[in-house]
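Student: Can we go through a structure together? I'd like to start with its pockets and then move on to other things.

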Amino acid sequence: MSGRQRSGYGIIMLTFLVAFVLLVVPLPDWLQWARPEWVTLTLIYWCIALPQRVGIMVGLLAGLGVDVLEGSLFGQHGLALVVVAFLALILYQRLRVYSLLQQAAVVFVLVGISQLLCQWVQNVDGASGLPTLFLLPALTSALVWPFVLHMLRGVRRRFEMG
């Protein structure tokens, strides 16, 4: 493995670390339900940008990390992010040529699927939240997608990651 590839993996891990920090940054109670899914957005970007490096296993590990940080049922986010990574890997060639608005719409759907899976697992476990608000993070994630896309693209180009 060349030095550039190793540093590429380190940069990818660093971006996930930043996403984990953004996941646990305290927000006011009224804004808690609208928190964008930073880890999911980061996973979607890297699956689109570098599908040969980031895929289903990274989705599983990132999801288990979210489960640990949030104290949710272990494997809940792991399952959701595996599905998101799988779908992003299937769609990555199309997503690369979509306009920013089309990409945001696909991100809304992918994060919505993730939210639905997490809601389903919570319902099976008997600990569901407010049913009308659980898709709000999908909307806010789609709204911040252009920012995430440009930031991570800048990081990828700065470190010449492919």
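Tutor: A definition before the pockets: Ala, Val, Leu, Ile, Met, Phe, Trp, Tyr, Cys and Pro count as nonpolar, Asp, Glu, Lys and Arg count as charged, and the others, Gly among them, count as polar. Also keep in mind that this is a predicted model.

Student: OK. By class, what residues are in the lining of the largest pocket?

Tutor: That lining has 11 nonpolar, eight polar and four charged residues.

Student: And what volume does the largest pocket have?

Tutor: The largest pocket has about 560 Å³. Its lining is made up of 23 residues, and W33, E37, E70, Q115 and Q122 are the ones nearest the centre.

Student: Which elements supply at least two residues of that lining?

Tutor: Those are α1 (3–24), α4 (56–70), α5 and α6. The largest share is that of α6, with six residues.

Student: What about the second largest pocket, what's its volume?

Tutor: The second largest pocket comes to about 270 Å³. It is lined by 14 residues, with T15, V18, L22, M151 and L152 closest to the centre. Two or more lining residues come from each of α1, α3 (38–49) and α7 (136–158).

Student: Which element gives the largest share there?

Tutor: In the second largest pocket it is α1, with six residues.

Student: And how does that lining divide into nonpolar, polar and charged?

Tutor: It has 12 nonpolar residues, two polar ones and no charged ones.

Student: Moving to closed spaces. How many cavities of 30 Å³ or more are there?

Tutor: The count is one cavity of 30 Å³ or more. About 50 Å³ of space lies in the largest cavity.

Student: Which residues line the largest cavity?

Tutor: Its lining consists of L23, E37, T40, V66, H77, L81, S114 and Q115. Two or more of the lining residues come from α5 (76–97) and from α6 (100–125). Sorted by class, the lining has three nonpolar residues, four polar and one charged.

Student: New topic: how many disulfides are there?

Tutor: Zero. A disulfide is a covalent bond between the sulfur atoms of two cysteines.

Student: So why is there no bond for C47?

Tutor: Because the closest cysteine sulfur to that of C47 is in C118, 16 Å away, which is too far for a bond. The cut-off for a disulfide is a pair of sulfur atoms within 2.5 Å. From the side of C118, the closest cysteine sulfur is the one in C47, again at 16 Å.

Student: Is C47 buried or exposed?

Tutor: C47 counts as buried, because its relative accessibility is 0%, and buried means under 20%. C118 counts as buried as well, at 5%.

Student: Let's look at α4. How many residues does it have?

Tutor: α4 has 15 residues, and its first and last C-alpha are 21 Å apart, close to the 21 Å expected at 1.5 Å a residue.

Student: Which of its residues are buried?

Tutor: In α4, the buried residues are G59, A62, G63, V66 and D67. Seen down the axis of α4, they fall within an arc of 145°, so they line one face of the helix.

Student: What's exposed on the other side?

Tutor: M57, L61 and V68 are exposed on the other side of α4.

Student: Last one: which residue follows α4?

Tutor: G71 follows α4, and its phi is positive, near 70°.

Terms used: Residues are numbered from 1 along each chain as its sequence is written. This is a predicted model: local features need pLDDT of at least 70, side-chain atom pairs count only at pLDDT 80 or more; totals for chains, interfaces and linings use all residues. Side-chain values use heavy atoms; hydrogens and water are left out. On a 1 Å grid over the protein atoms alone, a cavity is a set of points where a 1.4 Å probe fits but cannot get out, and a pocket is an open set with protein on both sides within 12 Å along at least five of seven lines; lining residues have an atom within 4 Å of a point. Grid points are joined across faces, edges and corners, and a volume is the space filled by probe spheres set on the points. Helices (H or I, at least four residues) and strands (E, at least two) are DSSP runs, numbered from the N terminus. Buried means under 20% relative accessible area, exposed over 50%, partly exposed in between (1.4 Å probe, protein chains only). The expected span of a helix is 1.5 Å times one less than its number of residues. The arc is that of the directions from the helix axis to the C-beta atoms.
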